[in-house]
Every structure is written in C-alpha cells, then in structure tokens.
Amino acid sequence: MKRFLDEQMPSFIETIRGTKDLTTFTEKAERNGALPRVLLFTSKAKTSSLTKFISTEFRRRILLAEVYPTKTNKEIMDKFGITDLPAMVVIRKSEQEGEEGMDEVIRYEGDGYTKNKLLTFFVCTCSQRTLLSS
C-alpha cells in the first residue's frame with residue numbers, strides 16, 4: 001500500500017545530468033522570477049516521498065532538482081563542495097546590501113532529513129517574499 005501511494009504522489013522535481021542541465025535549471029528559475037533553487041545530491045535510485053512532498057508544498061516558490069553522483073555531475077559536485085551524500089544546497093539571490101542580484105549558496109547542515117527540519121530550513125533560507133506568495 002505504501003509503495004502504491006509513494007508512486008502516486010505528484011512530483012515537481014527535475015533531474016540534473018551535467019552542467020548543461022544545471023544551466024537550463026538556472027535559466028528556468030530566472031524566467032520564473034528568480035526563484036530559489038534547491039539541489040539535492042543523492043545516491044538513492046528513487047525519489048523519496050519526503051522530497052516529493054517538499055516539491056509539491058513549495059511548488060512555484062522554489063525549484064527543486066536531484067543530482068546523482070555520476071561522471072557528468074562531478075563538476076557540479078566539486079563546484080558546491082559536495083563530498084558526502086546526501087547533501088542539499090539552496091541557491092538564492094542575495095538580499096544583503098551591495099550584493100543584490102548575486103547568487104548566495106546555503107548548504108543544509110542539519111543532522112537529519114525530516115519534514116519539520118526541512119520545512120524550517122526552507123523558511124529560514126529562502127526569501128520570505130517567495131515562500132509566502134501564492
């Protein structure tokens with residue numbers, strides 16, 4: 001029953017397969033009002049139900065993508081300093097004076113991936129204007 005429900009959950013997660021996909025992902029965020037981008041670095045073959053929930057809960061307020069540890073993604077993992085999996089980073093436009101419009105990378109440093117911890121992380125790291133709209 002759980003497997004059936006997991007398979008039926010809506011998912012708004014993109015998959016990054018190399019720097020070209022990352023560029024396309026970034027351009028999509030810019031076209032949609034400079035949305036915060038979330039990259040989940042994982043080695044799991046299937047998308048977890050928690051990740052699907054996050055993608056649905058924050059749909060049109062963040063863009064979420066999974067990045068798998070492949071040769072084509074090695075450059076991306078190196079760019080963000082990812083050595084251990086799973087890992088998550090949020091890339092948003094800086095709101096600090098003098099740095100407006102520049103990308104700011106915030107890495108999730110929590111001690112686990114639970115619904116409440118991730119919701120708190122997104123509310124604290126993503127722009128309040130973005131998360132509260134819609």
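**View 1. Tyrosine 113 and its ring partner.** Tyrosine 113 is partly exposed, with 30% of relative accessible area, in this predicted model. Tyrosine 108, by contrast, counts as buried, because its relative accessibility of 8% falls under the 20% limit for that class. The two tyrosines, 108 and 113, form a tilted aromatic pair, with 5.0 Å from centre to centre and 50° between the ring planes.

**View 2. A cluster of aromatic rings.** Phenylalanine 121 and phenylalanine 122 also make a tilted pair, their ring centres lying 5.7 Å apart and their planes meeting at 55°. Phenylalanine 121 is buried at a relative accessible area of 10%, and phenylalanine 122 is likewise buried, with a relative accessibility of 0%. A search of the whole structure gives 5 aromatic pairs, and ring pairs join Phe58, Tyr108, Tyr113, Phe121 and Phe122 into a cluster.

**View 3. The open sheet and its edges.** Five strands form an open sheet with mixed pairing, and their order across the sheet is β1-β3-β2-β4-β5. The strands at the edges are β1 (13-16) and β5, each of which pairs on one side only, while neighbouring strands are turned by 25° against each other on average, direction ignored. In general, the strands of a sheet pair through backbone hydrogen bonds, in either a parallel or an antiparallel sense. Here β1 and β3 are paired in the parallel sense over 4 bridges, and glutamate 14 has alanine 65 in β3 as its bridge partner.

**View 4. Strand β5 beside strand β4.** The pairing of β4 with β5 is antiparallel and runs over 5 bridges, with arginine 107 in β5 serving as the bridge partner of valine 89. Along β5 (residues 103-107) the side chains alternate, so that Glu104 and Ile106 point to one face and are buried, whereas Asp103, Val105 and Arg107 point to the other face and are not buried.

**View 5. Methionine 88 and its surroundings.** Methionine 88 belongs to strand β4 and is buried, with a relative accessible area of 5%. Leaving aside neighbours within four places in sequence, methionine 88 is in contact with residues including Val38, Leu40, Ile106, Tyr108, Tyr113, Leu118, Phe121 and Phe122. Methionine 88 and glutamate 109 are 21 residues apart in sequence, and their C-alpha atoms are 8.4 Å apart in space.

**View 6. Two nonpolar cores.** In soluble globular proteins, nonpolar side chains tend to be buried together. The largest nonpolar core of this model has 17 residues, of which Ile16, Leu22, Phe25, Leu39, Phe41, Phe80 and Ile82 touch the most other members. At least two residues of this core come from each of α2 (19-31), β2 (37-41), β3 (63-67), α4 (74-79) and β4 (87-93). A second, separate core holds 15 residues, among them Val38, Val90, Leu118 and Phe121. Phenylalanine 80 touches Leu22, Leu39, Phe41, Val89, Ile91, Val105 and Arg107, when residues up to four places away in sequence are not counted.

**View 7. Helix α5 across the sheet.** Helix α5 lies across β2, β4 and β5, and runs at about 25° to β4. Threonine 125 has its place in this helix, which spans residues 115-125, and counts as buried at 9% relative accessibility. A polar atom of the side chain of threonine 125 lies 2.8 Å from the backbone oxygen of phenylalanine 121. Not counting residues up to four places away in sequence, threonine 125 touches Val90, Arg92 and Ile106.

Conventions:
Residues numbered from 1 in each chain as written. Predicted model: local features only at pLDDT ≥ 70, side-chain atom pairs only at ≥ 80, totals over all residues. Heavy atoms only, no water. Phe/Tyr/Trp six-rings, centres within 6.5 Å; stacked < 30°, edge-to-face > 60°. Buried < 20%, exposed > 50% of the residue type's maximum accessible area, 1.4 Å probe, protein only. Core = buried A, V, L, I, M, F, W, Y, C linked by side-chain atoms within 4.5 Å. Contact = heavy atoms within 4.5 Å. Pairing = 2+ DSSP bridges. Polar contact = N/O pair within 3.5 Å; in protein donor to acceptor, adjacent residues only side chain to side chain. Axes fitted to C-alpha atoms, helices over the stretch in contact; angles between N-to-C directions.
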